[in-house]
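Please open the structure in your viewer, keep the residue numbers switched on, and follow the stops below in order.

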Amino acid sequence: MRTAQRAMLLCLGAASLFSSSATWAQLPKPPVAPVKTVVDTYFDQKIEDPYRYMEDQKDPAVVGWMKAQADYTRSVLDSIPGRKEFAAKMQTYMNAAEYTVSDVQVAGNYTFYRKRKQGQNIAALYVREGKSKEERVLFDPNKFDGGGHHLSLDQYSPSWDGKYVAVGASPGGSEEQTAHVYETSTGRELPESFERFEGGIFSVDGKEFYYMQRNKLAAGAPPTDKYKKLRFYAHRLGTDTSSDKAVFGFGVVPEVRVEEDEVASASPSPVSSYLLGTVGKFVAPEQEVYIASAGAFESKTGWKKVASYSDKITDMALVGDSLYLVTLKDAPNGKILRLNAADPDLSKAEVVLPGSNAVLTGSYVGTNVLRPAKDALYIQQAEAGIGQALRLRYEPGAKPERIQLPFDGSVDSVTTDPAQSGALLDATSWTAPGDYYRYDPGEGGVSSTIVATGLEPANAIDPTDFVSEERKAPAPDGTLIPLSIIYKKGIKLDGNNPTALIGYGSYGDVWKPGFSRRYSEWIERGGVLAVAHVRGGGEYGEAWRLAGQKLNKHNTWGDFIACAQFLIDQKYTSTPKLGIWSQSAGGILIGRAVTERPDLFAAAVDGVPCSDMLREETGANGPPNVPEYGTVKTREGFEGLLAMSAYAHVKAGTKYPAILVTAGANDPRVDPWEGAKMAARLEAANTGDKPILLRVNYDAGHGITDTISQQVSDWTDIFTFFLWNFGDKDFQPAALSSQSSVAAVK
């Protein structure tokens with residue numbers, strides 16, 4: 001079974017071989033995957049796994065089956081009559097603006113940002129100097145060879161004065177980054193590069209670059225070793241990287257104990273003489289905190305522990321001799337403390353912002369809440385999911401002031417330069433693109449102003465008749481679940497609107513309001529877009545996150561099902577017109593929704609899904625996610641993972657809705673075998689007349705760094721798959737001609 005000759009083969013003609021319209025039952029079916037059941041015993045409970053062999057992604061039989069499934073799915077989706085026109089309109093919306101700007105950072109006299117010009121496939125890194133609107137390209141991935149794949153700009157980090165910038169890039173969505181350093185004024189690339197790059201920061205004087213690097217795995221090492229024993233290195237610009245020394249991390253500093261499955265990093269501050277160090281468990285928000293004098297990187301000693309995991313510190317910032325900390329201890333939505341950096345005793349901490357209904361945990365684990373500037377500390381928070389920005393002056397006794405936006409919107413991010421006054425706010429809403437707004441506090445905090453920078457063009461062709469509303473759906477336990485609903489003015493609540501319900505519900509992620517042109521064509525043609533803010537997210541702080549985690553994870557898909565039922569009951573839509581989508585950890589949400597209530601939905605798209613949660617730990621990214629999901633090594637962990645494993649809950653003889661499962665061949669976060677196993681089991685179990693399809697993208701990973709053409713293709717697939725299975729007459733696939741055939745060689 002491990003030879004290419006015995007792999008499952010699919011012989012299909014091109015999309016042009018599709019002819020007259022047909023039902024799914026009339027179409028040839030994709031190749032059947034053989035069952036090779038493996039039985040595992042967890043705490044006296046036996047669990048059958050019929051497709052364990054698919055975890056070997058180098059097995060020719062598995063490679064052949066997945067390629068055959070991908071080719072089949074591509075042919076079917078491309079045969080949908082309305083797909084080409086839908087994609088063209090989506091392309092128009094995605095290129096509606098002359099250019100788009102994102103990820104703006106200010107450093108010294110420079111402003112850096114990603115910019116994608118109209119018609120370009122990938123954003124490039126640009127820079128402006130001073131107040132000039134003249135810009136230069138520093139790094140353009142469109143011009144580099146990605147080894148047969150697209151090359152993406154994954155991250156960039158300017159030096160504090162902006163004279164240098166480190167750029168991390170990777171091919172094919174793999175996120176396997178190599179970093180290069182560029183001189184901002186000339187665009188000159190320095191000779192050194194950093195492989196297996198995970199992020200970095202410059203020294204205050206800009207002469208050194210501190211970076212995190214994964215160890216090179218030995219031949220035959222298990223994939224679970226990928227993120228173990230991480231170290232933080234110091235590099236002198238202009239020297240060979242072979243002489244770089246580890247200055248923090250696993251086994252480096254005697255005073256800072258770091259376990260092999262923890263991640264540790266450290267950073268200097270241009271406005272303080274101290275260094276900050278953190279130790280964390282990847283996706284868990286709590287961190288241990290250490291502080292040292294500026295010479296500790298060289299001496300590898302002198303670090304003092306400030307906080308343990310039990311202190312629940314989630315973010316921090318240094319300003320002079322003041323250390324600011326965000327803590328969730330005794331404040332589930334977060335509060336802000338100020339300590340003397342020279343004597344950082346938590347028992348002596350001053351509360352400068354007490355806990356409230358506003359959430360200080362950021363929009364995602366690891367998001368910066370605290371942004372120091374010259375004049376004040378700027379704070380990012382969210383209230384009921386709506387992003388806000390506060391300004392807190394450094395003077396003793398100062399009270400935080402909320403920065404008012406010039407329109408009814410949500411703050412998505414706050415950017416500051418510690419050496420300059422004011423802040424840059426990225427603000428948007430569900431129905432308007434928004435812009436970057438420059439907040440100037442004025443002299444002494446008097447006569448402050450907030451004005452649009454114009455970094456985002458105002459002449460884009462965007463819809464003006466979209467509206468949004470915020471509703472709440474009752475969950476089975478009575479909890480009210482926030483539900484954002486976006487649609488075109490004038491729709492009728494008659495239960496007949498095509499509706500896409502999306503959600504996530506993991507890691508404390510907050511799905512804040514934000515305009516996306518990807519949804520424009522769907523809404524323009526009468527579709528409803530609904531966002532379910534289920535438990536497991538962070539809309540209502542730490543309590544909301546923990547209520548959808550581990551043994552409480554059932555609330556996540558229970559809330560989602562309740563939101564779907566609410567949309568039906570309120571006649572926004574009905575089951576024949578309701579589709580659901582999510583991806584990654586959202587695969588738990590989608591997978592368990594369709595296995596729990598297969599009768600409730602017409603269609604589902606399960607994107608790069610976490611499906612087989614009992615085997616999640618065996619992948620490279622599995623161990624770092626144990627704090628979020630749990631581990632099969634404990635009875636409690638096993639019970640929680642079994643409950644959230646959609647793969648384990650697929651039942652033979654069930655009529656499932658139409659389901660499109662996707663996988664990225666280069667995915668470093670969710671192994672592609674999870675989607676493959678889920679699709680195979682659904683195909684075998686399904687007794688209904690709806691399609692089960694597996695789409696594999698061989699020039700993509702987790703979707704984070706997809707090109708514009710990939711985004712257009714992917715979202716066109718999602719929406720036209722829905723319309724096909726809603727019965728829209730303009731989106732019914734054609735039948736295969738008699739010239740094509742499907743063959744499975746077992």
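Select phenylalanine 202 and then phenylalanine 209 in β13, which stands opposite phenylalanine 202; the model on your screen is a predicted one. The two strands to colour here are β12 and β13, which pair in the antiparallel sense over 5 bridges. Extending the selection to β14 and β15 brings up an open sheet of 4 strands, in the order β12-β13-β14-β15 and with antiparallel pairing. At the edges of this sheet stand β12 (197–202) and β15, and because each has a single partner strand, one side of each is left without a neighbour in the sheet. Looking along the sheet, you can follow a twist that averages 30° from one strand to the next.

Keep this sheet displayed and turn on a surface for the second largest pocket, whose volume is about 350 Å³. Among its 22 lining residues, those nearest its centre are Ser203, Glu208, Tyr210, Phe297 and Glu298. Which elements each supply at least two residues of this lining? They are β13 (208–213), β14 (231–236), β15 (245–249), β17 (274–280) and α3 (296–299), and β14 gives the most, with 3 residues. If you colour the lining of the second largest pocket by class, you will find 9 nonpolar, 7 polar and 6 charged residues.

From this pocket, move to β17 by itself. Are its residues buried or exposed? Of the 7 residues of β17, 7 are buried, so the strand is largely enclosed by the rest of the structure. Tyr274, Leu276, Thr278 and Gly280 point one way from β17, whereas Leu275, Gly277 and Val279 point the other way, and all of them are buried.

Next, add the partners of β17, beginning with strand β16 (residues 263–268), which pairs with β17 in the antiparallel sense over 6 bridges. Alanine 264 is a useful residue to label here, as it stands opposite valine 279 in β17, and the hairpin formed by β16 and β17 has 5 residues between the strands. Strand β18 (residues 287–293) also pairs with β17 in the antiparallel sense, over 7 bridges, and within β18 the bridge partner of glycine 277 is tyrosine 290. The hairpin of β17 and β18 has 6 residues between its strands, and there phenylalanine 282 takes a positive phi near 60°.

Now change the view to the open sheet of 8 strands, which has mixed pairing and the order β32-β33-β35-β34-β36-β37-β38-β39. Its edges are β32 (466–474) and β39 (692–697), each with a single partner strand, so one side of each is left without a neighbour in the sheet. Direction ignored, neighbouring strands of this sheet are turned by 20° against each other on average. Within the sheet, select strand β36 (residues 578–583) and strand β37 (residues 603–607), which run parallel and are joined by 5 bridges; isoleucine 580 has alanine 604 in β37 as its bridge partner.

Helix α1 (residues 60–78) packs on the sheet, where it touches β38 (658–664) and β39, and its direction makes about 105° with that of β39. Helix α11 (residues 708–725) lies across β34 (499–503), β36, β37, β38 and β39, and runs at about 155° to β37.

Two loop residues deserve a label before you leave this region. Tyrosine 507, in the loop between β34 and α4 (520–524), has a positive phi of about 60° although it is not a glycine, and at 7% relative accessibility it counts as buried. Serine 584, in the loop between β36 and α7, likewise has a positive phi, near 60°, and is buried with a relative accessible area of 12%.

For the next stop, select helix α9 (residues 635–644), whose buried residues are Gly637, Phe638, Gly640, Leu641, Leu642 and Met644. What covers these buried residues includes β2 (38–42), β3 (45–49), α6 (554–569), α7 (586–596) and α8 (626–629).

Finish at the largest pocket, which holds about 530 Å³ of space. It is lined by 15 residues, and the closest to its centre are Thr111, Gly130, Lys131, Arg438 and Thr453. Coloured by class, the lining of the largest pocket shows 4 nonpolar, 7 polar and 4 charged residues.

Definitions and conventions
Residues numbered from 1 in each chain as written. Predicted model: local features only at pLDDT ≥ 70, side-chain atom pairs only at ≥ 80, totals over all residues. Heavy atoms only, no water. 1 Å grid on protein atoms, 1.4 Å probe; cavity = no way out; pocket = protein on both sides within 12 Å on 5 of 7 lines; lining within 4 Å. Points joined across faces, edges and corners; volume = space filled by probe spheres on them. Nonpolar A, V, L, I, M, F, W, Y, C, P; charged D, E, K, R; others polar. Buried < 20%, exposed > 50% of the residue type's maximum accessible area, 1.4 Å probe, protein only. Pairing = 2+ DSSP bridges. Axes fitted to C-alpha atoms, helices over the stretch in contact; angles between N-to-C directions. Contact = heavy atoms within 4.5 Å.
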